Amino acid sequence: MTMLQIKGLNTYYGESHILRDVDMNINQGEMVCLIGRNGVGKTTLLKSLIGLLTPRRGEIIFNGDLVNRKQPHQRARSGIGYVPQGREIIPYLTVEENLQLGLEALPGGLAKHKKIDELVYELFPVLKQFLDRKGGDLSGGQQQQLAIARALLGKPKLLLLDEPTEGIQPNIVQDIESAVKRIISETGVGVLLVEQHLHFVRQADRYYAMQRGGIVANGPTSELSKAVVEKFLSV
Ligand SMILES: Nc1ncnc2c1ncn2[C@@H]1O[C@H](COP(=O)(O)OP(=O)(O)OP(=O)(O)O)[C@@H](O)[C@H]1O
């Protein structure tokens, strides 16, 4: 079943035309990867999906509803979860308080929901160990795990991950990759992943390649050729 349908999407920063006629589909439980060099518009697409940017033309249909005009908090509560590039952990809040922020995305928000789902501690045991530590005192890899856990607590149906392995030690990259796969198999969430690590890209079912704000290639990752990889991945 198609969960997300993007049709003819065009997004601008002022008069700079960034996204050009983007079409994309993501099915329930599917992992889709968006690849492309720096500055082609990948983050702009994710921000358009969550409502931080308003597309000038085109449609974003999520679970049958046109969401173009919905506010970011409405999209979060309808099931679009987001892990931003750079993680955006609140440094002066504890790990537990950062996790609680994720509960805000649930209908009724923090007022109605207090319980942290044990799944996040199973996925990322280090978070349970460091519950009272300040977010800013965690390593980059631990902050990334916290950011994914926080998004997961909003019980998303679609999880958008913007370069989750950027600037992270190789041993933690593997942990994050395994956690994302486990999240998909245990919760049935669909994932749109922006990623540069080829090994992680290959874990996705399908890929879309972006160049100058447009989708220029797509297909199953099993058919990702060396030429495509060299053209669209910078590492
Ligand atoms: N706030 C902004 N105002 C104006 N232009 C912007 C703004 N943010 C990004 N851009 C421009 O939009 C284009 C697309 O940027 P975007 O961040 O979406 O690229 P990206 O593919 O995610 O790259 P990266 O991997 O470097 O994050 C770039 O040319 C960038 O300079």
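A residue is termed buried if 20 or more other C-beta atoms, placed from the backbone, lie within 10 Å of its own, exposed if 12 or fewer do, and partly exposed in between. The structure is a predicted model, in which local features need pLDDT of at least 70, side-chain atom pairs count only at pLDDT 80 or more, and totals for chains, interfaces and linings use all residues. Residues are numbered from 1 along each chain as its sequence is written.

Helix H1 (42-50) is mostly covered, with seven of its nine residues buried; helices (H or I, at least four residues) and strands (E, at least two) are DSSP runs, numbered from the N terminus. The buried residues of H1 are Lys-42, Thr-44, Leu-45, Leu-46, Lys-47, Ser-48 and Leu-49. After H1 comes Gly-51, which has a positive phi near 95 degrees.

The residues around the ligand, taken as those whose C-beta atom, placed from the backbone, lies within 6 Å of it, include Tyr-13, Gly-36, Asn-38, Lys-42, Thr-43, Thr-44 and Gln-85. Two or more residues of this shell come from each of strand E2 (16-27) and helix H1. H1 gives the most, three residues.

Tyr-121 is found in helix H5 (residues 118-123). Tyr-121 counts as partly exposed because it has 16 C-beta neighbours inside 10 Å. Outside the four places on either side in sequence, Tyr-121 is in contact (C-beta atoms, placed from the backbone, within 7 Å) with Leu-127 and Lys-128. A separation of 34 Å is found between the C-alpha atoms of Tyr-121 and Arg-37, which are 84 residues apart along the chain.

Terms used: Two residues are in contact if their C-beta atoms, placed from the backbone, lie within 7 Å.
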